[in-house]
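Thanks for coming. I have one structure to go through today, and I will start with the chain as a whole before turning to some local details.

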Amino acid sequence: MQDNNRAGRDRWLLVIGLVAGAGLASGGWYLGKSQAGPPDRHGVETIVREYILAHPEVLPEAMANLQQKEGSARLSDIRGQVEKPFPGAVLGNPEGKVTLVEFADFACGYCRKSVEDVRRLVAKHPDLRVVIREFPILSPQSADAARWGLAAAQQGKYEAFHYAMFAAGQPGPETIEAAARSAGLDLARARVAVASRAVEEEIARNVDMARQLGFSGTPSWTVGDQLIPGAVGFEELSAAIEAARKG
C-alpha cells in the first residue's frame, strides 16, 4: 500500500510540474506577474498554486495526458505481442494495415453494445484489422465462452461464433452451445480444443497483457500507440483509427 501511495504522489507531482510549465509558458502569464527575474522555490510554488486555483480545469486534462503518455510507453514495449492475434481470432481485413485490438468479455454488456460499433468500423475502414483478445474477467461462464471462441478460431469460424455468442445473451452452457451450432462448429473437435493447453495459455497471455497495459475492465482497446478504456463509441474509435493510419 505504501508503494501505491508513493506512486500516486509521484504522479501528482508530475502533473503539477506539467501545470507549472503550462502556467510559465502561457502567453506571458508569469511575466505579467513579475519582472524581477526567475522566482525561487517558494515563488514557483506560489505561481503554481495561483495558476491551479485560477484554472482548476487543467488538472484532469494534465492527468489524462500523463496517463496516456504512460500507457503509450507501456504499449510500445509489447505492441507486437498485443497486435499478434491468436490464429483466426480476427475481424475485418486479416491483412489490414491498421490494427484495432479489443480486450473483450462475452459476459460484458458494454462489449455487446460495442459489437455494432465494430461492424461499422470494419465497413468504414477496409484496411482495418480487428484483433480480439479474449479477456474473461466477469464470470466463470465468460471464461467458458472465451475458450469456445478460441476453439472456433482454430476452425476458421471465429467471426461467426463471436457475433452469435454476443447475440445469444449471457454466456452459459445453453447459449454457448447455441452459438457454436449457429457458427457451424465441429462440436467434438471444439471440445478437444476447449480443454487444450494452447487455449488456456492464450487466455493467460491476454490477462497478463491487460495487466501490463493497466486495463482492468472491458471493452478496452489499443490502436497505434493509443490505449482506450471503455465503450467509447464509434466516433472516438474511428478518429483513433484515422490518427493511427496517419501516424
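A contact here means heavy atoms within 4.5 Å. With that in hand, residues 24 or more positions apart account for 75% of the contacts in the protein chain with a separation of 6 or more. I should say that this is a predicted model. The protein chain has 247 residues, of which 44% count as buried. Its secondary structure comes to 11 helices and 5 strands.

Let me take one residue as an example. Threonine 99 sits in strand S2, residues 98-104. Is threonine 99 buried or exposed? Its relative accessibility is 8%, and the cut-off for buried is under 20%, so threonine 99 counts as buried. Leaving out residues up to four places away in sequence, threonine 99 touches Glu83, Arg129, Val131, Thr222, Val223 and Gly224. Take valine 131 from that list: it lies 32 residues from threonine 99 in sequence, and the C-alpha to C-alpha distance is 6.9 Å.

Next, helix H7, residues 158-168. The buried residues in H7 are Tyr158, Phe161, His162, Tyr163, Ala164, Met165 and Phe166. What do the buried residues of H7 pack against? There are two strands and three helices to list: S1 (90-92) and S3 (128-134), then H5 (109-124), H6 (140-154) and H8 (173-182). Just after H7 comes glycine 169, with a positive phi of about 105 degrees.

H6 brings me to a helix pair. Two packed helices are described by the angle between their axes and the distance between the axes. For H6 and H10, the axes come within 10 Å and cross at roughly 115 degrees. The crossing is right-handed. On the H6 side the contact is made by Ala143, Ala146, Arg147 and Leu150, and on the H10 side by Val199, Glu200, Glu202 and Ile203. By class, that contact has 5 nonpolar and 3 charged residues, and no polar ones.

H10 also matters for my last item, the second largest pocket. Its volume is about 180 Å³. Which helix gives the most to the lining of this pocket? That is H10, residues 197-213, with 5 residues. The full lining is Gln81, Lys84, Pro85, Phe86, Pro87, Arg133, Ala198, Glu201, Glu202, Arg205 and Met209. The lining residues divide into 5 nonpolar, 1 polar and 5 charged. Glu202 appears both in this lining and in the contact of H10 with H6.

Definitions and conventions
Residues are numbered from 1 along each chain as its sequence is written. This is a predicted model: local features need pLDDT of at least 70, side-chain atom pairs count only at pLDDT 80 or more; totals for chains, interfaces and linings use all residues. Side-chain values use heavy atoms; hydrogens and water are left out. Buried means under 20% relative accessible area, exposed over 50%, partly exposed in between (1.4 Å probe, protein chains only). Helices (H or I, at least four residues) and strands (E, at least two) are DSSP runs, numbered from the N terminus. On a 1 Å grid over the protein atoms alone, a cavity is a set of points where a 1.4 Å probe fits but cannot get out, and a pocket is an open set with protein on both sides within 12 Å along at least five of seven lines; lining residues have an atom within 4 Å of a point. Grid points are joined across faces, edges and corners, and a volume is the space filled by probe spheres set on the points. Ala, Val, Leu, Ile, Met, Phe, Trp, Tyr, Cys and Pro count as nonpolar, Asp, Glu, Lys and Arg as charged, and the others, Gly among them, as polar. Axes are lines fitted to C-alpha atoms, for helices over the stretch in contact, and angles run from 0 to 180 degrees between N-to-C directions. A crossing is left-handed if the near helix is turned anticlockwise from the far one by less than a right angle, and right-handed if clockwise.
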